[in-house]
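This report covers the empty space inside one protein model and the residues around that space.

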Amino acid sequence: MGKLDGRVVIITGAARGQGEQEARLFAAEGAKVVLADVLDDQGGAVAKELGEESAAYVHLDVSREDDWAAAVAFAKDAFGAVNGLVNNAGILRFNELTSTPLEEYLAVVQVNQVGAFLGMRTVAPELAAAGGGTIVNTASYVALSGMALLTSYAATKAAVVGMTRVAAMELAGKGIRVNAVCPGAIDTPMSNPARLDPAADPAQVAEASEAVDGLYRKLVPMGRIGRPEEVARLALFLTSDDSSYITGQPLVADGGWLCGVSVF
Ligand SMILES: NC(=O)c1ccc[n+]([C@@H]2O[C@H](COP(=O)([O-])OP(=O)(O)OC[C@H]3O[C@@H](n4cnc5c(N)ncnc54)[C@H](O)[C@@H]3O)[C@@H](O)[C@H]2O)c1
């Protein structure tokens, strides 16, 4: 028996990275997964691999209200109801506060913050109609601590934690639990974009990867960057009945990074 047997879950940003691993794990645990992304070829290929009994892909730009309505209609048409949502889609921009153009700041807000807001607002009534359900938002380590060069990103992730708490209170009476995952550094294209460029020189990609690994060996008490499957397992916990008495919480998966300053 799977932990998500019979549950229909929409996962945004599911074409790659953490969202892809969440889609694979949730399908393995018996869920019907609606993979949503703007990378249609990649997302469609993952859904196809999982099989039409378990998965379907829909184009969804999380910053667009009309896309959300269409994605929910698609999910109900494909699998009959919606029982869960993982708001995973996100973007990252590095810049110093004083150099950040307003357009860049707002672009990050539009995806990370407005996207999570629209997702919760659109899906919550469907979860209530299905008798309850779960929402897992994706915040970050930087929602709870600071990191230089991340003004726009940190602002949106703190907003996600804030919205998670409010939504948890407002939706508890409808049988809906709302929590947030707060990953530390996770090995995905977001943290290591060098690997994404098919034209990149393999030696330079290896060098960039080594630099990323070396950085986290020093910064993280557990001495390594995290794997996207490790965040997927936390999202599974928060979507399954294993977390039946947990709501409104930011849960951290960061190899101990947030503990403080390490002297080792
Ligand atoms: N990788 C990390 O170190 C890390 C750490 C903390 C939090 N996070 C968060 O985890 C989530 C997943 O990130 P990841 O590391 O897998 O990154 P990623 O870049 O590999 O994946 C992000 C996915 O979101 C999709 N996406 C981007 N904009 C979108 C939009 N407007 N509509 C729909 N989909 C969109 C992308 O196409 C991509 O498939 C993000 O919210 C990110 O902020 C990542």
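A cavity is a set of grid points where a 1.4 Å probe fits but cannot get out, and its lining residues have an atom within 4 Å of a point. The model is predicted.

**The cavity**

With a lower limit of 30 Å³, the count comes to one cavity. The largest cavity has a volume of about 60 Å³. Its lining consists of Thr12, Val62, Asn87, Asn88, Ala89, Val111, Asn112, Gly115, Ala116, Thr138, Lys157 and Val160. At least two of the lining residues come from α4 (102-129), and at least two from α5. The largest share, four residues, belongs to α4.

**The pocket**

The largest pocket holds about 1100 Å³ of space. Around this pocket stand 44 residues, and those nearest its centre are Gly90, Ile91, Leu92, Thr188 and Met190. Four elements give two or more residues each to the pocket lining: the helices α1 (17-28), α5 (151-171) and α6 (202-219), and the strand β2 (32-37). The helix α5 thus appears in the pocket lining as well as in the cavity lining.

**Lining by residue class**

The table sets out the make-up of each lining.

| Lining | Nonpolar | Polar | Charged |
|---|---|---|---|
| Largest pocket | 27 residues | 12 residues | five residues |
| Largest cavity | five residues | six residues | one residue |

Which residue classes make up the lining of the largest cavity? Five residues are nonpolar, six are polar and one is charged. Lys157 is among the residues that line this cavity.

Note on methods
Residues numbered from 1 in each chain as written. Predicted model: local features only at pLDDT ≥ 70, side-chain atom pairs only at ≥ 80, totals over all residues. Heavy atoms only, no water. 1 Å grid on protein atoms, 1.4 Å probe; cavity = no way out; pocket = protein on both sides within 12 Å on 5 of 7 lines; lining within 4 Å. Points joined across faces, edges and corners; volume = space filled by probe spheres on them. Nonpolar A, V, L, I, M, F, W, Y, C, P; charged D, E, K, R; others polar.
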